[in-house]
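Trainee: I am new to this structure. Please take one part and look at it closely with me. The salt bridges would be a good choice.

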Amino acid sequence: MHILVLMLGLMTAVPGFAAEAVKPIKLVVLGDSLSAGLGLPANEAFPAKLQKALKDKGLDVDMTNAGVSGDTSSGGRDRLDWSVAEGTEAVIVELGANDALRGIDPAVTRGALTEIVTRLKARGIAVMLCGMLAPPNYGSDYAAKFNAVYPDLAKQFGVMLYPFYLDGVAADAKLNQADGIHPTAAGVDIIVAKMLPTVEAFLRPLRGQ
């Protein structure tokens, strides 16, 4: 009882003690239209739904949706500094789908993502990569080179990896919009539910949990 009273006294006496304990994690989702929420209301996009899911798990996040439709990994690299503001603690990188759709050389994708991760880590920002898989139309050789980029970089830099952003949603007509590429609101729900354990494991250490 004495210890409890002392702890409560300290929390009252030290300004900002209690506030610091529940300070939201500043998180940016750096991505393309898949995370930006093309064709969906803002509150149905991946970042908004992920933020709510994390809050339900007791993780308060100050979320920034830095998704830009049509962006390649090189585009994300080129806008990195103004997309990821000072004070950001963690970034989820969801880039590469447009690289694969356009048949961009996997070496170019690898180079851009390498620079993104390197620059973020140099700023002391935690990084999580969302992997992407190449469509079959460019052949097995292209797919093998492209698909290897994400696990290779995760291993090289020691960052968290979610192997395939569209896991459980890709190629399912019921979970994609008319274009067959962008998830519906129900599709986003599945992405968030599947990815949530990985995001929790990524973020909780930032608060010593």
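Mentor: What follows is a walk through the salt bridges, with a short look at some other parts afterwards.

Keep in mind that this is a predicted model. A search of the whole structure finds 16 salt bridges. Side chains of opposite charge can pair when their charged atoms come close.

Start with Glu86 and Arg123. Their side chains form a salt bridge, at 3.5 Å from N to O. Glu86 sits in the loop between helix H6 (80–83) and E3, and Arg123 sits in the loop between helix H8 (106–122) and strand E4 (126–130), so the pair ties together parts that are 37 residues apart in sequence. How accessible are the two partners? Glu86 is exposed, at 73% relative accessibility. Arg123 is partly exposed, with a relative accessible area of 30%.

Now take Lys194 and Asp167. They form a salt bridge, and their closest N and O atoms are 3.9 Å apart. This pair also links distant parts of the chain: Lys194 belongs to helix H11 (residues 185–203), while Asp167 is in the loop between strand E5 (160–162) and H11, 27 residues apart. Lys194 is partly exposed, at 41%. Asp167 is partly exposed too, at 33%.

Next come Lys174 and Asp172. Here the closest N and O atoms of the salt bridge are 3.4 Å apart. Lys174 is exposed, with a relative accessible area of 70%. Asp172 counts as partly exposed, at 23%.

Salt bridges can also join up. Glu44, Lys49 and Asp189 are linked in such a network.

Now turn to strand E1, residues 25–31. Of its 7 residues, 6 are buried, so the strand is mostly covered, with buried meaning under 20% relative accessible area. E1 runs parallel to strand E2 (residues 61–67), and 7 bridges join them. In that pairing, Val28 stands opposite Thr64. E1 also runs parallel to strand E3 (residues 90–94), with 5 bridges. There, Val29 faces Ile92.

Leu101 gives another view. It lies in helix H7 (residues 97–102). Leu101 is partly exposed, at 42%. Not counting residues up to four places away in sequence, Leu101 touches Pro135, Tyr138 and Ile181.

Last, look for enclosed space. The count comes to 1 cavity of 30 Å³ or more. About 30 Å³ of space lies in the largest cavity. Its lining includes Ser33, Leu34, Gln177 and His182. By class, the lining has 5 nonpolar, 4 polar and no charged residues.

Note on methods. Residues numbered from 1 in each chain as written. Predicted model: local features only at pLDDT ≥ 70, side-chain atom pairs only at ≥ 80, totals over all residues. Heavy atoms only, no water. 1 Å grid on protein atoms, 1.4 Å probe; cavity = no way out; pocket = protein on both sides within 12 Å on 5 of 7 lines; lining within 4 Å. Points joined across faces, edges and corners; volume = space filled by probe spheres on them. Nonpolar A, V, L, I, M, F, W, Y, C, P; charged D, E, K, R; others polar. Buried < 20%, exposed > 50% of the residue type's maximum accessible area, 1.4 Å probe, protein only. Helix = DSSP H or I, 4+ residues; strand = E, 2+ residues; numbered from the N terminus. Pairing = 2+ DSSP bridges. Contact = heavy atoms within 4.5 Å. Salt bridge = Lys/Arg side-chain N within 4 Å of Asp/Glu carboxyl O.
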